[in-house]
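Me: Please take a close look at a single part of this predicted model, a side chain on one of its helices. I should like a connected account that starts from its contacts and then moves outward to other parts of the chain.

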Amino acid sequence: MKLSELYWHRITPLHFILWPLSFLFNLFIKLRKLCYWLDILPSVRLPVPVIVIDSMTTEDGGKTPLILWIVDFLRTRGLNPGIITRGNSDNPGLPHAVTVNSDPMLIGSKTLLLAQRCGDICPIWAGDDRIAVANALLTAHPDCNIILCNDGLQDPRLERDMEIAVVDFSGHSFGNGLVLPAGPVREDLTRLEDVDIVVINGKQKRSVNDHGWARTFNMKLISEMVYNVLNPAIRHPASILRDKRLHAIADFNNTHWLFDQLQQTGLNAVLHSFSENHRFIQPDIYHPDADGILMPEENAIQCRSFAPDTLWALPVDAWINNELQTVIWKKIGDKFKDAK
């Protein structure tokens with residue numbers, strides 16, 4: 001169990017100390033936003049439109065599949081999107097391009113996943129300063145005409161044309177409902193009244209006051225196919241692994257999700273769990289007796305250089321009502337009169 005789960009998803013005596021800190025943190029966010037709104041602090045407008053996509057909690061919450069879905073949509077409209085991200089918040093560094101060969105310990109496994117899925121068609125840059133990262137991306141890719149900012153709801157310094165907040169009801173959701181550091185919520189939930197769109201992942205499992213929230217859309221995450229890590233062109237329904245001697249491997253972040261997927265697809269496997277954000281090495285996936293080894297895609301792509309031909313990746317894709325495309329285009333389409 002992660003340390004955060006000991007107190008972010010319950011109320012403990014420690015919260016007598018943490019709750020006042022959360023109050024001050026939330027107050028700081030609101031005052032900072034007010035300073036930018038009053039032009040006391042200067043904000044920056046990029047030469048291209050910006051869409052901010054962020055989760056309301058410290059977890060991804062399905063944000064990564066949503067970004068991939070938006071990239072596909074924008075490209076069908078004739079646009080050339082680019083993605084900026086802080087990558088690994090512990091060590092974001094100076095602006096730099098992210099590729100499939102980047103170190104996941106420096107950029108984060110989900111940023112590496114973005115590079116794996118769309119790096120050839122959509123440049124991805126990471127770094128500490130979002131504005132510097134965006135400018136570096138635009139300099140390196142002058143054909144890029146729209147920026148997707150992977151996080152940043154709480155950073156008003158970068159002006160944006162649209163905000164999309166992801167709410168995850170599939171897992172622990174909002175935990176104890178408290179703002180950092182007492183809980184997993186990044187900002188008071190009234191923030192969902194100010195964004196342009198709220199995308200909900202999963203079915204609501206507890207009562208949450210959603211009155212006044214921005215327009216909401218439901219997202220379903222689908223994991224029905226697997227592909228061979230050494231030859232990604234080889235893709236099959238996950239059911240092909242039934243009745244196989246199967247080992248399933250994941251880091252702690254993905255263990256519960258992978259277990260649920262095994263149950264949903266009727267796969268029997270020996271489950272191996274590693275620590276949070278584990279850096280995989282060859283002995284971790286060495287199972288010569290196995291007919292197949294299954295890993296979540298974001299873990300599997302770390303093993304490309306030493307993967308056996310029995311290693312399969314389980315990707316996640318987002319399904320959302322196409323009406324969301326209409327809403328997004330209505331918001332930003334007038335900026336691209338010459339687009340398809």
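Reply: **Lys 331 and its surroundings**

Setting aside residues up to four places away in sequence, Lys 331 touches Asp 161, Met 162 and Asp 196. The model is a predicted one, and the contacts described here are to be read accordingly. Lys 331 belongs to helix α8. Its relative accessible area is 39%, and Lys 331 is therefore partly exposed, since this value falls between the limits of 20% and 50%. A more remote point of reference is Asn 201, which is 130 residues from Lys 331 along the chain, with 22 Å between the two C-alpha atoms.

Helix α8, which carries Lys 331, also packs against another helix. The axes of α2 (residues 63-76) and α8 (residues 323-332) come within 11 Å of each other, crossing at roughly 65°. The crossing is right-handed. On the α2 side the contact is made by Trp 69, Ile 70, Phe 73 and Leu 74, and on the α8 side by Leu 324, Gln 325, Ile 328, Trp 329 and Ile 332. Sorted by class, the residues of this contact are eight nonpolar, one polar and no charged. Lys 331 is not among the α8 residues listed for the contact; its listed partners are Asp 161, Met 162 and Asp 196.

One of those partners, Asp 161, directs attention to the neighbouring position, Arg 160. Arg 160 is placed in the loop between β5 and β6. At 18% relative accessibility Arg 160 counts as buried, because the value is under 20%. The contacts of Arg 160, again without residues up to four places away in sequence, are Arg 45, Val 50, Val 52, Gly 152, Leu 153, Asp 155 and Arg 191. The C-alpha atoms of Arg 160 and Asn 218 are separated by 23 Å, with these positions 58 residues apart along the chain.

Strand β5 (146-150) leads on to helix α5, for β5 is included in what covers the buried residues of that helix, as are β2 (81-85) and β4 (124-126). Helix α5 (residues 130-140) has as its buried residues Arg 130, Ile 131, Val 133, Ala 134, Leu 137 and Leu 138. These span an arc of only 160° around the axis, and therefore lie on the same side of α5. An α-helix has 3.6 residues a turn, so residues three or four places apart point the same way.

The cysteines offer a further check on the model. The whole structure, when searched, yields zero disulfides. Cys 122 takes part in none, its nearest cysteine sulfur being that of Cys 118 at 4.6 Å. Cys 122 counts as buried because its relative accessibility is 0%. Cys 303 likewise has 0% relative accessibility and counts as buried.

Some backbone features in the loops also merit attention. Most residues other than glycine have a negative phi, and most peptide bonds are trans. The peptide bond from Leu 180 to Pro 181 is cis, its omega being near 0°. Pro 181 sits in the loop between β6 (162-168) and β7 (197-201). Asp 243, a residue other than glycine, has a positive phi near 60°. This residue is in the loop between β10 and β11, and with 83% relative accessibility Asp 243 counts as exposed, because the value is over 50%. Asn 277, also not a glycine, shows a positive phi of about 55°. Asn 277 occupies the loop between β12 (269-274) and β13 (292-296), where it is partly exposed at a relative accessible area of 42%.

The loop of Asp 243, between β10 (235-237) and β11 (246-251), also holds Arg 242. Arg 242 is partly exposed at 42% relative accessibility. Beyond residues up to four places away in sequence, Arg 242 touches Thr 265, Gly 266 and Leu 267. Its C-alpha atom is 7.1 Å from that of Asn 268, which is 26 residues away along the chain.

A final position lies in helix α1 (residues 15-37), namely Trp 37. This tryptophan is exposed, with a relative accessible area of 67%. The C-alpha atoms of Trp 37 and Thr 216 are 25 Å apart, at a sequence separation of 179 residues.

Conventions:
Residues numbered from 1 in each chain as written. Predicted model: local features only at pLDDT ≥ 70, side-chain atom pairs only at ≥ 80, totals over all residues. Heavy atoms only, no water. Disulfide = S-S within 2.5 Å. Buried < 20%, exposed > 50% of the residue type's maximum accessible area, 1.4 Å probe, protein only. Axes fitted to C-alpha atoms, helices over the stretch in contact; angles between N-to-C directions. Helix = DSSP H or I, 4+ residues; strand = E, 2+ residues; numbered from the N terminus. Left-handed = near helix turned anticlockwise from the far one by under 90°. Contact = heavy atoms within 4.5 Å. Nonpolar A, V, L, I, M, F, W, Y, C, P; charged D, E, K, R; others polar. Arc of directions from axis to C-beta.
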